[in-house]
Amino acid sequence: MRVLAIIPMRGGSERIPDKNFVDLGGLPLFSWISSTALTLANTDVVVDSDSTRILSMVKSEFPKIQTLLRPQALGEANVSMNVVLQRVIELFPEHEYILQ
């Protein structure tokens, strides 16, 4: 069984600027999410983002997580998350189950 955990992280949050870097209990939000995903058994984790800053931090702190730079056209606030997720799923066809 191959499981894929997709973590979408958009760089330009409109409600909370830089929300993925907001400190929560001593760690930025992206660290909590990433470290929790890595505890899942039999699961490959991928972070999809339009932010090179986010992807660089994830690569640096969590080398086991795969990162994908989201195309600019999919980084807009009005783009459906379903479209973003479908793109990632198509890039990883060997996985039988998907988590988001």
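1. Start with helix α3. Residues 81–91 form this helix, which lies across β1, β4, β5 and β6. Against β1, helix α3 runs at about 140°. The model is a predicted one, so read every point below as a statement about a prediction.

2. The sheet. Four strands make up an open sheet, in the order β5-β4-β1-β6, and their pairing is parallel. β5 and β6 are the edge strands. Each has a single partner strand, so one side of each has no neighbour in the sheet. On average, and with direction ignored, neighbouring strands of this sheet are turned by 25° against each other. As background, strands of a sheet pair through backbone hydrogen bonds, in either a parallel or an antiparallel way.

3. The pair β1 and β4. These two strands pair in the parallel sense, over seven bridges. To find the register on screen, take P8: its bridge partner in β4 is D48. β4 is also mostly covered, with six of its seven residues buried.

4. The pair β4 and β5. Here the strands are residues 43–49 and residues 66–69. They too are paired in the parallel sense, over four bridges. Between β4 and β5 the chain passes through helix α2, residues 52–61. This β-α-β crossover is right-handed. Two positions fix the register. V47 is opposite T67 in β5, and D48 has L68 as its bridge partner in that strand. D48 is therefore worth selecting by name: it is the β4 partner of P8 and is also bridged to L68.

5. Helix α2 on the sheet. This helix packs on the sheet and touches β1 (3–9), β4 and β5. The direction of α2 makes about 170° with that of β5.

6. S34, buried or exposed? S34 is buried, because its relative accessible area is 0%, and the cut-off for buried is under 20%. The residue lies in helix α1. Apart from residues up to four places away in sequence, S34 touches I7, M9, V58, F62 and I65. Show those side chains together with S34 when you check this spot.

7. N42. This residue sits in the loop between α1 and β4. Its phi is near 55°, a positive value in a residue other than glycine. N42 is exposed, with a relative accessible area of 57%. Outside its neighbours within four places in sequence, N42 is in contact with M1 and V3. M1 is 41 residues away in sequence, yet the C-alpha atoms of N42 and M1 are 7.4 Å apart in space.

8. D18. A positive phi appears here as well, near 55°, and D18 is not glycine. D18 belongs to the loop between β1 and β2 (23–24). Its relative accessible area is 39%, so D18 counts as partly exposed. For that class the value has to fall between 20% and 50%.

9. Q100. Look for this residue in the segment after β6 (97–99). Q100 is exposed, since its relative accessible area is 61% and exposed means over 50%. What does Q100 contact, leaving aside neighbours within four places in sequence? The contacts are I6, P8 and L85. I7 is 93 residues from Q100 along the chain, and the separation of their C-alpha atoms is 6.1 Å.

10. The largest pocket. Its volume is about 330 Å³. The lining has 18 residues, and the closest to the pocket centre are R10, S13, R15, K19 and M81. Which elements supply at least two residues each of the lining? They are β1, α1 (29–37) and α3.

11. Points to check on screen. First, the strand order β5-β4-β1-β6, and the edge positions of β5 and β6. Next, the positive phi values of D18 and N42. Then the buried S34 in its set of contacts, including I7 and F62. Last, the pocket residues closest to the centre, among them R10 and M81.

Key
Residues are numbered from 1 along each chain as its sequence is written. This is a predicted model: local features need pLDDT of at least 70, side-chain atom pairs count only at pLDDT 80 or more; totals for chains, interfaces and linings use all residues. Side-chain values use heavy atoms; hydrogens and water are left out. Two strands pair if DSSP finds at least two bridges between them. A crossover is right-handed if, with the strands pointing away from the viewer, the path from the first strand over the helix to the second runs clockwise. Buried means under 20% relative accessible area, exposed over 50%, partly exposed in between (1.4 Å probe, protein chains only). Contact means heavy atoms within 4.5 Å. Axes are lines fitted to C-alpha atoms, for helices over the stretch in contact, and angles run from 0 to 180 degrees between N-to-C directions. On a 1 Å grid over the protein atoms alone, a cavity is a set of points where a 1.4 Å probe fits but cannot get out, and a pocket is an open set with protein on both sides within 12 Å along at least five of seven lines; lining residues have an atom within 4 Å of a point. Grid points are joined across faces, edges and corners, and a volume is the space filled by probe spheres set on the points.
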